[in-house]
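Visitor: I would like to learn how to read a structure of this kind, going from the whole chain down to single residues. Could you take me through it step by step?

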Amino acid sequence: MRRRPLRHATFTLGAAITLALILVAAVSLVYTPVDPLAMSITGRLQGPSADHPFGTDQFGRDVLSRVMAGAVTSIAVGVIAVGIGAGVGVLLGLVSGYVGGWPDEMVMRIVDAVQGFPAILSALLFTAVFTPGTAVSMVAIGIAFVPAFARLTRAAVLELREREFVIAARALGGGDARLMLRHILPNSLPPLIVQATTSFPVAILAEAALAYLGLGTQPPQPSWGLMLKEAQNFLGMNPWFAVFPGGAIAVAVLGLNLLGDGLRDLLDPKTA
Amino acid sequence: MRRYVARRVAALVATLFVVSALVFVVVRVLPGDPAAIIMGTEGSREALERLRHSMGLDRPLTVQYVEWMGGALRGDLGRSLQYDLPVGTLIASRLTVTVPLALMAALFMVAAAIPLGLYAATHHRRAGDYVTMVLSQIGISIPQFWAGLLLILVFSVSLGWVRSGGFDGWSSGAGAALRSLLLPAIALGLFQAAVLVRATRSAVLDVLGEDYVRTARAKGVSERRVLTRHTLRNALIPIVTVAGVQLGQLLAGAIVLESVFALPGLGRLALGAISARDLPVVQGVALFIASTIVVINFAVDLAYSVLDPRIRYE
């Protein structure tokens with residue numbers, strides 16, 4: 001039976017929130033209510049008002065505009081980090097599962113070791129020798145994703161390697177590269193797509209945490225985590241400043257999580 | 001089984017060596033000269049050379065690695081440039097904050113997640129299940145440090161019940177110390193609890209569908225006994241696995257919460273070391289945390305195969 005994605009409530013709600021997030025980010029590139037970098041000495045740390053629906057920060061900058069612009073940073077870091085994790089992880093998993101033997105053993109030990117480095121730890125190490133910035137966030141978060149992608153791909157390859165259609169393709173003279181790229185990889189895609197979708201919200205959470213710690217995105221670039229770091233100093237004066245950027249993170253992550261859950265239901269025949 | 005354990009231990013040792021190599025490569029091999037970073041822009045060329053020599057940076061990389069690793073194996077992680085104390089001593093003193101914080105968060109996580117997960121599973125597809133799932137969905141969407149900020153906003157700024165952060169140390173009384181760790185532990189545990197609720201629910205649901213549960217019910221075993229003796233005991237295997245892996249994540253998360261609540265733990269030690277260019281400390285803390293997580297994952301993996309005799313390894 002074919003399942004209709006739009007009748008799946010979790011998937012639809014998740015997709016709607018995700019689309020809204022992308023739309024906000026896209027719009028912020030050409031239009032924000034106020035210039036996100038424009039300061040105003042007289043209008044500092046105001047609560048929500050008609051002019052500034054989300055209030056203003058310690059430099060009088062419009063929080064709504066900065067939250068909108070922050071979506072771009074989150075999405076960019078998410079896309080690149082998931083790209084790094086998936087790219088490196090799938091490659092390692094393919095080699096490990098297909099070749100087997102000592103290369104497999106070696107790759108798996110590296111994967112085990114990398115699992116000991118959550119994004120925060122890698123970012124700590126990188127900022128010890130590099131200037132902190134968005135690039136550090138992307139790489140640190142991407143590295144943290146490698147083990148999951150590598151394991152998933154390896155498991156899929158191990159299973160598919162023995163299947164009739166792969167053996168048939170080999171009997172017909174297909175080379176290793178062709179077997180891997182044309183027969184094995186496409187058939188292991190569904191779990192990888194789910195993994196990529198569920199990694200995305202994790203990346204957004206990690207980007208915010210790194211920016212908050214001063215290890216990732218740096219001022220004046222708008223980032224939700226960075227805004228919360230600034231807001232913490234003014235909790236007594238303008239609590240709203242700490243509410244809206246955090247709310248933006250929560251809504252974005254919620255939407256992506258729902259989308260991931262929905263995709264898993266739709267793509268995984270076992271949970272039908 | 002014994003051969004399996006021996007192989008896993010060998011793999012663990014290999015993994016720990018890879019961990020140390022990764023830390024070493026990032027700090028020493030990647031472009032960037034630790035001596036120049038420490039020296040900043042003021043140092044003369046001779047002073048830089050002297051520092052490089054005293055740090056052993058003018059020797060071959062393999063020698064440097066073997067020396068650092070040899071020291072680490074004997075518990076010597078080098079000396080902090082900032083505090084002029086052994087890195088191991090610094091880490092040990094900061095663990096008195098980070099470990100209780102992570103353990104309190106773990107306690108909160110288990111105490112909240114297991115009853116809720118069990119409740120949701122036994123009320124499958126009823127209102128209670130949906131409410132629990134919506135709550136856990138919200139829980140995994142809230143960044144831990146924002147949860148911390150909101151707790152400060154409510155309990156410290158608005159209600160004035162607790163301080164917004166800081167830690168006076170264990171010497172000023174365990175009660176006061178635990179109180180200053182309470183909000184950060186809740187903020188840290190909330191996210192992980194939401195993850196564990198879902199894992200518990202699905203593990204219990206799986207077991208509830210088993211034939212032996214139906215058999216137990218059919219022969220008239222009380223529902224309470226079915227849940228505790230037949231269901232939860234068997235569902236605990238996947239639950240323990242998830243919770244174990246989460247311990248490592250709590251350790252990493254503690255770094256962030258220590259910053260939010262100004263707690264003098266391992267994370268703040270590392271962050272301070274970065275701004276002070278105290279590379280031996282950064283290197284030592286990274287090696288310590290990564291190795292701890294790897295060992296936790298190993299223990300979970302092993303526990304899994306011991307707890308579940310159905311699992312056979314080749």
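**Reading two helical chains**

Guide: This is a predicted model, and a good place to begin is the count of elements: the secondary structure of chain B comes to 12 helices and 0 strands, so that from the N terminus on its elements read α-α-α-α-α-α-α-α-α-α-α-α. Along its principal axes, the C-alpha trace of chain B spans about 85 × 60 × 35 Å, and of its 314 residues 38% count as buried.

Visitor: How many helices and strands does chain A have?

Guide: Chain A comes to 10 helices and 0 strands, and its C-alpha trace spans about 75 × 50 × 30 Å along the principal axes. Of the 272 residues of chain A, 52% count as buried. If we take the contacts in chain A with a separation of 6 or more, residues 24 or more positions apart account for 71% of them.

Visitor: When I look at a single helix, such as helix 1 of chain A, which residues are buried?

Guide: The general idea is that an α-helix has 3.6 residues a turn, so residues three or four places apart point the same way. In helix 1 of chain A, which covers residues 9–30, the buried residues are A:Phe11, A:Gly14, A:Thr18, A:Leu21 and A:Ser28. They cover an arc of only 135° around the axis, which puts them on the same side of helix 1 of chain A. What covers these buried residues includes helix 2 (63–99) and helix 10 (240–267) of chain A.

Visitor: And which exposed residues does the face turned away from that buried side carry?

Guide: That face of helix 1 of chain A carries the exposed residues A:Ala9, A:Leu19, A:Leu23, A:Val27 and A:Val30. As for its length, helix 1 of chain A has 22 residues and reaches 32 Å from its first C-alpha to its last, close to the 32 Å expected at 1.5 Å a residue.

Visitor: Why is helix 2 of chain A described as largely enclosed?

Guide: A residue counts as buried if 20 or more other C-beta atoms lie within 10 Å of its own. In helix 2 of chain A, 27 of the 37 residues are buried, so this helix is largely enclosed by the rest of the structure. Helix 2 of chain A reaches 53 Å from its first C-alpha to its last, close to the 54 Å expected at 1.5 Å a residue, and just after it A:Gly100 takes a positive phi of about 70°.

Visitor: At what angle do helix 2 and helix 5 of chain A pack?

Guide: Helix 2 of chain A packs against helix 5 (residues 134–161) of chain A at an angle of about 35°, with the two axes 5 Å apart. Their crossing is right-handed, and the residues of this contact divide into 22 nonpolar, 10 polar and 3 charged.

Visitor: How many residues of chain A are in contact with chain B?

Guide: In chain A, 34 residues are in contact with 41 residues of chain B. The elements that give two or more residues to this side of chain A are helix 3 (101–114), helix 4 (119–129), helix 8 (189–213), helix 9 (224–232) and helix 10 of chain A. The largest share, 8 residues, comes from helix 4 of chain A, and by class the side of chain A that touches chain B has 25 nonpolar, 7 polar and 2 charged residues.

Visitor: What should I look for in the backbone itself?

Guide: Most residues other than glycine have a negative phi, and most peptide bonds are trans. Against that background, the peptide bond from A:Pro219 to A:Pro220 is cis, with omega near 5°, and A:Pro220 has its place in the loop between helix 8 and helix 9 of chain A.

Visitor: Where in chain B is B:Arg125 placed, and is B:Arg125 buried or exposed?

Guide: B:Arg125 is in the loop between helix 5 (87–122) and helix 6 (127–139) of chain B, and its phi is near 60°, a positive value in a residue other than glycine. B:Arg125 is exposed, with 8 other C-beta atoms within 10 Å. For B:Ala262, phi is near 50°, again a positive value in a residue other than glycine, and this residue is in the loop between helix 10 (223–260) and helix 11 (266–275) of chain B. B:Ala262 is partly exposed, with 14 other C-beta atoms within 10 Å.

Conventions: Residues numbered from 1 in each chain as written. Chains lettered and ligands numbered in written order. Predicted model: local features only at pLDDT ≥ 70, side-chain atom pairs only at ≥ 80, totals over all residues. Helix = DSSP H or I, 4+ residues; strand = E, 2+ residues; numbered from the N terminus. Expected span 1.5 Å × (residues − 1). Buried ≥ 20, exposed ≤ 12 C-beta atoms within 10 Å, placed from the backbone. Arc of directions from axis to C-beta. Contact = placed C-beta atoms within 7 Å. Nonpolar A, V, L, I, M, F, W, Y, C, P; charged D, E, K, R; others polar. Axes fitted to C-alpha atoms, helices over the stretch in contact; angles between N-to-C directions. Left-handed = near helix turned anticlockwise from the far one by under 90°.
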